[in-house]
Amino acid sequence: GVPCVPGYEGEDQSDATLVAEAKKIGLPVMVKASAGGGGRGMRLVANEDDLEQAIKSARTEARNAFGSDLLILEKAVQNPRHVEIQVFADTLGNAIHLGERDCSVQRRHQKIIEESPSPVVDEELRGKMGGAAVEAARACGYVGAGTVEFLVDDDGNFYFLEMNTRLQVEHPVTEMVTGQDLVDWQIRVARGEPLPLAQDDVRLDGHAVEVRLYAEDPARGFMPQAGRVLAWAPAADMPLRVDHCVIQGNVVSPHYDPMVAKLITWGPSRREALRLMATALRRSTFLGLRSNKAFLAHVCDHPEFIENGATTAFIDEHIDPSWTELNTPDSATWALAALIHYLDSGLGTTDDPRWVGWRSASQIDSILTLQEADVTVRARIRATGPGSVGQTWTVTLDDSGEIPAACDGEDIESWVFDVVSCGGGRIEYAQDGPVQQMAWALDDHNLYLDTDRASFIVRNATADPPADAGGAGSGLLAAPLDGAVISVNAAAGDTVEVGQIILIVEAMKMEHQIKADVDGTIKTINVDVGDQVKTKQLLAEIEPADGGE
């Protein structure tokens, strides 16, 4: 038999029944959409008081994502490994498995890094899990490629999670370690041919890692991003498989999952495969939207992940606090961003480099105001003569700017850049060392920078009018991205508190709760359930309790 997690998948889908069954199973419990996966319609509930809201929310998200609001309940196995077995069956009665994939690195219950083989599965456990997966496939008369997913606890016990009746996103890592083309296998099986290999002929060679590149912002709750791709160039001149359909100028739509590409590396060992992946990510360019590219590289470099692999709690336990700091531009990045903005504007351009930055009265200083997320920095730029490889520029970050905490303790007063060239989406420069390059793209005063540390969007706000209402704590609630209003939980005249959920917007297969940012009274609700809204559209206005003083 196939060991299963205790749960409920009955026809009675009333809230009362689901709540009662969850209590019977024992918390913590997973509420899951029956019709699909990918983290949509899934909620982990550890507190009985949260059960009813979690069921309602999961039901709505499941209906929007899959057209079915049927839910199932499962006992939550705490901090498990997520390990799945690739199975294949033909029409002649043959069924085998091709080893396992470890998909434990997840956010929002959705996989972002997959590898094969699993760092915690030995030959004995592989035999048991593979045998159970094949037995499950045979039991339902399955034909073709399928994946049987398991949760594995610290003691090596495994529990059936679900079976995906398709070739999955992460199938390339299985192809890389087995040397087999699984799409070719599907075609052969569809023709009625036997499987190309018997179970004893399957060999796992080396180690493969796949990452999912998403248009999302890891530092802000992995919020999906919608917009136009300004530059896309996977790492060249290295052993890297890239599965994607991205073309420069494409728009990442708010109507679909924000995954844009898969990158896959193979190495003779796990450490080598991870090293290659971190390098490939840093050498790849994806600009125009915030992405998880640098975040993925950070995980592949993480000592805990390299040494022990991951449980499904890995990101929460090991990544979030450090990542927030890494995703803040350091002072060198602010200075370089200011210089690129300045040079691209043409202010530093002349036919004769001897006259760059010169005027009759005195040397020219240009001052720019820059913004990245909620941080503002002022930069002073001055041409300081020819350097060893090009024109030298000195950039000073003004004391009146808001230098983020990540810059504390650095010499932020001035940065000297010896610029070889700046154009075509790339700057070549030296800064206290050898010549290096950085990719960038500019669109509507927004400079997209792709550094080794992270991706940043630095806006030239020099010509912006003074800030008006609409900042933090303004009471003006705007849509975080394009989507549809699926719930309105307040009306004009209602008294609300900070953190209270006012509306819920569904976008990119996720629910986004729009919460009150001040205590006060609802002045207006500008949308109804079912309305389509645009990014930054004003949804509701709250009159602050203190009158906004």
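**Exercise 1. The end of helix α4**

Work out which residue takes a positive phi just after α4, and how enclosed that helix is.

*Solution.* Start just past the helix: G179 has a positive phi of about 75° there. Here, helices are DSSP runs of H or I with at least four residues, strands are runs of E with at least two, and both are numbered from the N terminus. Keep in mind that this is a predicted model, in which local features need pLDDT of at least 70 and side-chain atom pairs count only at pLDDT 80 or more, while totals for chains, interfaces and linings use all residues. Residues are numbered from 1 along each chain as its sequence is written, and side-chain values use heavy atoms, leaving out hydrogens and water.

Next, step back into α4, which covers residues 171-178. Seven of its eight residues are buried, so the helix is largely enclosed by the rest of the structure. Buried means under 20% relative accessible area, exposed means over 50%, and partly exposed lies in between (1.4 Å probe, protein chains only). The buried residues are H171, P172, V173, T174, E175, V177 and T178.

**Exercise 2. A strand with two partners: β7**

Find the strands that β7 is joined to, and say how many bridges each link has.

*Solution.* First locate β7 at residues 110-116. Seven of its seven residues are buried, so this strand is largely enclosed by the rest of the structure.

Then look at β6 (residues 95-107), which is joined to β7 by four bridges and runs antiparallel to it. Two strands are taken to pair if DSSP finds at least two bridges between them. Across this pair, D102 faces E115 of β7. The hairpin of β6 and β7 has two residues between the strands, and R108 takes a positive phi near 55° there.

Finally, turn to β10 (residues 207-214): four bridges join this strand to β7, again antiparallel. In this pair S116 stands opposite A208 of β10.

**Exercise 3. Following Q371 across β19**

Which residues face Q371 in β20 and in β26?

*Solution.* Begin with β19, residues 366-372. Five of its seven residues are buried, so the strand is largely enclosed by the rest of the structure.

On the β20 side (residues 375-386), seven bridges hold the antiparallel pair together, and T376 is the residue opposite Q371. The two strands form a hairpin with two residues between them, where A373 in the turn has a positive phi of about 55°.

On the β26 side (residues 455-460), two bridges make the antiparallel link, and R459 is the bridge partner of Q371.

**Exercise 4. An open sheet and E74**

Give the strand order of the four-stranded open sheet, then decide whether E74 is buried or exposed.

*Solution.* The order is β1-β4-β2-β3, with antiparallel pairing. At the edges are β1 (7-8) and β3 (43-45), each pairing on one side only. As background, strands of a sheet pair through backbone hydrogen bonds, either parallel or antiparallel.

Now follow β1 to β4 (residues 71-75), its antiparallel partner through two bridges. G7 has E74 as its bridge partner in β4. With a relative accessible area of 8%, E74 is buried. Leaving out residues up to four places away in sequence, E74 touches V5, P6, G7, V29, M30, K32 and L161; contact means heavy atoms within 4.5 Å.

**Exercise 5. The surroundings of I85**

Find the relative accessible area of I85 and list its contacts beyond four places in sequence.

*Solution.* I85 sits in strand β5 (residues 81-89). Its relative accessible area is 0%, so I85 is buried. Beyond its sequence neighbours, the contacts of I85 are H97, G99, E100, M129, G130, A133, G146, T147, V148 and F150. For a sense of distance, I55 is 30 residues away along the chain, and its C-alpha atom is 30 Å from that of I85.

**Exercise 6. The whole chain**

What is the radius of gyration of the protein chain, and what share of its residues is buried?

*Solution.* The radius is 27 Å, which agrees with the value near 24 Å for a compact globule of 549 residues. It is taken over C-alpha atoms, and the globule rule is 2.2 Å times the number of residues to the power 0.38. Along the principal axes, the C-alpha atoms fill a box of roughly 90 × 60 × 40 Å.

For burial, 50% of the 549 residues count as buried. To finish, the chain's secondary structure comes to eleven helices and 34 strands. Among contacts between residues at least 6 apart in sequence, 63% join residues at least 24 apart.
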